[in-house]
Structure formats: structure tokens, C-alpha cells
Amino acid sequence: MAEQVRAWAPQAPLVREVFHATMTSHAYPAHTHDTWTVLLIDEGCVAYDLDRHARTAPERHVSLLPPHVTHDGRSASQDHGFRKRVLYLDAAWLPVSVTGHAVDRPVLPGAAARALTEELHEVLARPEDTWQAESLLLGLRDVVLGSGRQAIPAAADVPAARALRDVLDDHVVDGITLEEAAGLLGRSPAHLARAFQRAYGLPPHRYVVGRRVDRARSLLLHGVPAAEVATAAGFWDQAHLTRHFRRTVGTTPARFAGSA
């Protein structure tokens with residue numbers, strides 16, 4: 001296991017930094033961040049003190065460290081390092097009231113936290129998909145609040161879900177953030193995301209990707225060249241279209257068009 005580090009600051013609301021690292025012998029001294037730290041251990045195990053309490057971040061689990069709380073870090077094994085992926089998120093992402101529970105129980109239970117965190121790292125690694133982070137962060141926020149037994153407002157608001165769907169449909173190509181949609185509809189982004197998920201069974205960002213793929217299919221079947229379809233359907237470029245098209249349809253745009 002060779003030591004490696006990669007860090008970047010994506011253009012995504014609330015995401016201060018993304019940090020991927022493989023460490024063999026490095027030990028982090030006691031320090032704090034002014035952000036929430038979402039820590040995913042891909043390999044190995046990290047031992048650390050959090051607010052002077054011994055904690056571990058186990059492999060294939062997500063841990064949440066609060067802002068302004070002192071912690072350090074080192075491999076739990078002298079013979080093996082660790083590989084981690086970290087999101088540093090603005091303090092406004094979660095209410096201050098979550099801090100105590102995060103100190104007591106930093107490891108987030110269940111598969112949902114890991115799935116959302118892994119998808120966040122996936123979209124944040126590609127500038128063309130960074131816009132999806134907004135919806136994913138709202139989903140992860142709800143997972144955190146639920147694990148901490150915080151009250152999450154009821155999400156059964158079908159009119160709001162339908163209104164958001166209409167707004168998303170109006171902006172399939174140019175795109176619109178949940179923050180912008182919330183301003184138009186007089187609801188909070190979190191409420192809109194929950195209501196949409198409950199009404200339609202998928203988060204807003206996945207709905208938009210699906211609508212863009214549908215638009216691309218129609219354009220391809222009407223003879224529009226694949227190179228032009230990408231931007232006409234709302235994708236970054238042809239490679240971006242191909243990746244999502246293959247994932248959704250099971251084939252490439254070129255093969256799809258050639259089958260017509």
C-alpha cells in the first residue's frame with residue numbers, strides 16, 4: 001500500500017473539499033476543522049480520539065465528525081495502513097444540535113449512509129455531474145438526522161412534489177438547483193427533496209438524468225447526430241451522455257441510433 005493523496009474543491013454548494021488518501025504510517029496530530037467531516041474508510045481501520053474519547057472508524061463504514069471538535073487519527077494496525085475518502089462540508093449542512101450525538105456515536109449505521117456517500121464521491125469526481133451533489137447531500141442529511149433521532153418533518157406533500165416536477169421538466173436542458181426551485185415554490189430545498197422522493201420513489205437529480213436520457217433517445221431516433229444530442233439534451237459532452245445513456249438504456253447512443 002503506497003501513500004497517495006488527492007484533494008480538490010468542487011463547485012458544489014456546501015462542499016468545501018474532497019480528500020482521498022492512502023496512508024501507511026502517517027499519524028494525524030490533534031486538530032479541528034470548521035466543517036463537518038464525512039469519513040468513509042475503504043480499507044483498513046482508523047483509530048482516533050474525538051473530544052478525548054477513544055473511537056474507531058471501521059472499514060466500509062461512514063463516520064461523522066463535527067466542526068470544532070478536537071480529534072487526531074492513525075491506523076488501528078501497526079502492520080497495515082488505511083485508505084479513506086473524506087468530504088468536508090460547511091457547518092450549515094447540519095444543525096448544531098447534532099454535534100453531541102456525533103461525538104457519542106460517530107459511525108453512521110446502515111447501508112444508506114455508505115451508498116449516498118459513495119455516490120457523492122462519484123459525482124464530485126466529475127465536473128459534469130457535480131450538480132447532482134445538492135440532492136444527495138439532502139438525502140445524507142436526512143440519514144444523519146434519522147440516526148440521531150432528530151425530528152424530520154413529514155414529507156407527504158404531493159402538490160409540492162408535482163410543482164417541483166413541473167419546474168424540473170421546464171429546466172431539463174439548462175438545469176435548475178433545488179435552492180432556486182425552492183425560491184420559486186416557497187418551500188425549503190429539504191422539504192421539496194423529501195416530498196419528491198416520497199411521491200415518485202427517486203431523488204430529483206435522478207429524475208432529471210432520466211428525463212435527459214429520454215430527450216436524447218428521441219433526438220437520436222429522429223436522426224440528430226450523437227455529437228449534437230449531448231448538449232441538446234442537457235449533458236456536458238458526448239462522453240457524459242454516453243456514460244448515463246449506457247447506464248440507463250444498456251447500450252451506447254450510437255448503437256441505439258443505429259438500431260432504428
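In this predicted model, four strands form an open sheet in the order β3-β8-β5-β6, and their pairing is antiparallel. β3 (28-31) and β6 (53-57) are the edge strands. Each has a single partner strand, so one side of each is left without a neighbour in the sheet. Direction ignored, neighbouring strands of this sheet are turned by 20 degrees against each other on average.

The contact between β3 and β8 can be traced to residues. β8 spans residues 71-75 and runs antiparallel to β3, with two bridges joining the strands. Histidine 31 faces a histidine across this pairing: histidine 71 in β8 stands opposite.

**Strand β7 and its partners**

β7 covers residues 62-65. Is β7 covered on one face or on both? Both faces are covered. Val62 and Leu64 are buried on one side, and Ser63 and Leu65 are buried on the other. The cut-off for buried is under 20% relative accessible area.

β7 pairs with β4 (residues 35-43) in the antiparallel sense, over four bridges. Here leucine 40 stands opposite valine 62 of β7. β7 also pairs with β10 (residues 107-108), again antiparallel, over two bridges. In that pairing serine 63 stands opposite valine 107 of β10.

**A loop proline**

Proline 10 sits in the loop between β1 (4-8) and β2 (15-23). This loop residue is buried, at a relative accessible area of 11%. Alanine 21 is eleven residues from proline 10 along the chain, and 17 Å separates their C-alpha atoms.

**Helix α5**

α5 has a buried side made up of Leu178, Ala181 and Ala182. Why do they lie on the same side of α5? They cover an arc of only 105 degrees around the axis, which puts them there. As a rule, an α-helix has 3.6 residues a turn, so residues three or four places apart point the same way. The face of α5 turned away from the buried side carries Glu179, Gly183 and Leu184, which are exposed.

**Two pockets**

The two pockets compare as follows.

| Pocket | Volume | Lining by class |
|---|---|---|
| Largest | about 430 Å³ | twelve nonpolar, nine polar, five charged residues |
| Second largest | about 290 Å³ | eight nonpolar, four polar, four charged residues |

Start with the largest pocket. Its lining has 26 residues, and those nearest its centre are Trp131, Gly175, Ile176, Thr177 and Arg212. Three elements give two or more residues to this lining: α3 (133-147), α5 (178-185) and α7 (204-221). Which element gives the most to the lining of the largest pocket? α7 does, with four residues.

Now the second largest pocket, with a volume of about 290 Å³. Leu116, Ser135, Gly139, Gln197 and Pro203 are the closest to its centre, out of 16 lining residues. The elements giving two or more residues to the lining of this second pocket are α2 (111-124), α3, α6 (189-200) and α7. α3 gives the most to the lining of the second largest pocket, with six residues.

Two helices thus appear in both accounts. α3 and α7 each give two or more residues to the lining of the largest pocket, and also to that of the second largest.

Terms used
Residues are numbered from 1 along each chain as its sequence is written. This is a predicted model: local features need pLDDT of at least 70, side-chain atom pairs count only at pLDDT 80 or more; totals for chains, interfaces and linings use all residues. Side-chain values use heavy atoms; hydrogens and water are left out. On a 1 Å grid over the protein atoms alone, a cavity is a set of points where a 1.4 Å probe fits but cannot get out, and a pocket is an open set with protein on both sides within 12 Å along at least five of seven lines; lining residues have an atom within 4 Å of a point. Grid points are joined across faces, edges and corners, and a volume is the space filled by probe spheres set on the points. Ala, Val, Leu, Ile, Met, Phe, Trp, Tyr, Cys and Pro count as nonpolar, Asp, Glu, Lys and Arg as charged, and the others, Gly among them, as polar. Two strands pair if DSSP finds at least two bridges between them. Axes are lines fitted to C-alpha atoms, for helices over the stretch in contact, and angles run from 0 to 180 degrees between N-to-C directions. Buried means under 20% relative accessible area, exposed over 50%, partly exposed in between (1.4 Å probe, protein chains only). The arc is that of the directions from the helix axis to the C-beta atoms.
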